[in-house]
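Here is a friendly walk through one chain, moving from its strands to its core and then to its aromatic rings. Please keep the model open beside the text as you read.

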Amino acid sequence: MLILFSKILCHLTDIVIVANCTSVKSRPILLKKKKEFFMPLRLDIKQQLNARSDRVKCVDMHSSEPWLLAALYSGVVNVWNHETNTLIKTFEVSDVPVRAARFIQRKNWIVAGSDDMKIRIFNYNTLERVHLFEAHTDYIRCLAVHPTQPYVLSCSDDMTIRMWDWDHEWVCRQVFEGHSHYVMDVVFNPKDVNTFASCSLDRTIKVWQLGASAPNFTLQGHEKGVNCVSYFPGGDKPYLVSGADDRLVKIWDYQSKACVQTLEGHTQNVCAACFHPELPIILSGSEDGSVRLWHANTYSLENKLAYNMERVWSIACLLGSNNVAIGYDDGCIMVKLGREEPAMSMDSNGKVIMARHNDVQQAIVTKFEGELVDGEPMQLSCKDLGACEIFPQSLRHNPNGRFVVVCGDGEYNIHTALSFRNKAFGQGLEFVWSSDSSEYA
């Protein structure tokens, strides 16, 4: 069985391996590598919702309800339940396109900006309009909601960004000026909510401080207008991603103010780009109709989604969820990437090792008095073991429990189960321990 498996694996990856199984103490020897080969993340992609409608210019997701918001070019905002695949709420916002809309969940509101230069606020429970005011002197392109303060940022073709305070009758607290063309996107920094980034058809990305009259700095590198910008939500990389009419996606280090990577492949304008908050994935959507999934560490192309719904205008992700919402000319799609449960393994003594993102923890299953009900939650005390260099897609103890293997990114890393020290590593798509405990294929 193991010999057959090794032969199949060698054939698929164009690798010749000396032995079918190798000791944990050493790394497998590669005799020959015929060509460079690509090991994808192998994420399952499941379609959750397919909602046909007029052109969708903006999508957003509710963090506690299974709701997808879609702002339409026809002037309507729809809310879909992606679990039941039903349209549950419709807001007749205006007679002109609505290019921006967001949930404000702590107020039970939807805020929408339209081409009549007005911002409207609706209560999504009662469907009543709460407020309306003229916000800009040209089309409103994007809205961003501050995560803790009562502020909304709006950006417009009038080349300004404005900050509104809903606790004081939506008074304009500040106008940010500096761009020389339409301001297409604006987003708060999740790691420093007093700063935000904007992008414009003047080919620049600017980073701002609340209260400051001028931008902190400007990033330049795109050859045409920049349509979208988004922050990396994790704590280890000070990165921004942008997409532009030059058909490129660029990754920026906003501390060194340098472009660290350029992703090529789209054949038309890039209208949406973001880092996935739970997976090592960068998503980009284009007027070529495709959504591309790039590995956030290697920058290789992982997958390409095409649902034949014409141009892509918007992509939304949600912290704590693997769902991705996509807005197209012909409607919106929601897909689920991979699984949301952490990778985990338990040895024969009840010691559990689990991984969420790249962080690894250990817990011991507590023994309860009486009989446990199947599926009943258990309270576990966890201890941090460290971090993985690869994104863990599976964990597996060897039979005696002394070692645990982490598989992901087309690689495997073998660690000691107690202290999580690295013992061996290599390339592979699948991994199996032998009953010997010290050998594997």
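Two strands pair if DSSP finds at least two bridges between them. Strands themselves (E, at least two residues) and helices (H or I, at least four) are DSSP runs, numbered from the N terminus. This is a predicted model, in which local features need pLDDT of at least 70 and side-chain atom pairs count only at pLDDT 80 or more, while totals for chains, interfaces and linings use all residues. Residues are numbered from 1 along each chain as its sequence is written, and side-chain values use heavy atoms, with hydrogens and water left out.

**Strands and sheets**

The chain has 1 helix and 40 strands. Of its 441 residues, 54% count as buried, where buried means under 20% relative accessible area with a 1.4 Å probe, protein chains only. Contact means heavy atoms within 4.5 Å; among contacts in the chain with a separation of 6 or more, residues 24 or more positions apart account for 43%.

A good place to start is an open sheet of 4 strands, ordered β9-β10-β11-β12 with antiparallel pairing. Its edges are β9 (98-104) and β12 (129-134); each has a single partner strand, so one side of each lacks a neighbour in the sheet. From one strand to the next the twist averages 15°, taken between axes that are lines fitted to C-alpha atoms, with angles running from 0 to 180 degrees between N-to-C directions. Strands β9 and β10 (residues 109-114) run antiparallel and are joined by 6 bridges, with Ala100 opposite Gly113 in β10.

Further along, a hairpin of 5 residues joins β25 to β26. These two strands run antiparallel and share 5 bridges; Ala273 has Ser284 in β26 as its bridge partner. In β25, 6 of the 6 residues are buried, so this strand is largely enclosed by the rest of the structure.

**The core**

In soluble globular proteins, nonpolar side chains tend to be buried together. A nonpolar core here is a set of buried Ala, Val, Leu, Ile, Met, Phe, Trp, Tyr and Cys residues joined through side-chain atoms within 4.5 Å. The largest has 21 residues, and those with the most contacts inside it are Leu283, Val291, Ile315, Ile326 and Tyr328. Among the elements giving two or more residues to this core are β25 (270-275), β26 (281-286) and β29 (312-317). What does Ile315 touch, leaving aside its neighbours within four places in sequence? Its contacts include Val59, Ala272, Leu283, Val291 and Ile326.

**Aromatic rings**

Rings of Phe, Tyr and Trp (its six-membered ring) pair if their centres lie within 6.5 Å; planes under 30 degrees apart count as stacked, over 60 as edge-to-face and the rest as tilted. The structure holds 20 aromatic pairs, including these two:

| Pair | Geometry | Centre to centre | Between planes |
|---|---|---|---|
| Phe176 and Trp208 | edge-to-face | 5.7 Å | 75° |
| Phe431 and Tyr440 | stacked | 4.8 Å | 25° |

Phe176 in strand β16 (residues 171-177) and Trp208 in strand β19 (residues 204-209) are 32 residues apart, so their pair links distant parts of the chain. Phe176 is buried at a relative accessible area of 1%, and Trp208 at 0%. For the stacked pair, the value is 6% for the buried Phe431 and 3% for the buried Tyr440. Elsewhere, ring pairs link Trp109, Phe133, Trp164, Trp166 and Trp170 into a cluster.

Notes: Buried < 20%, exposed > 50% of the residue type's maximum accessible area, 1.4 Å probe, protein only.
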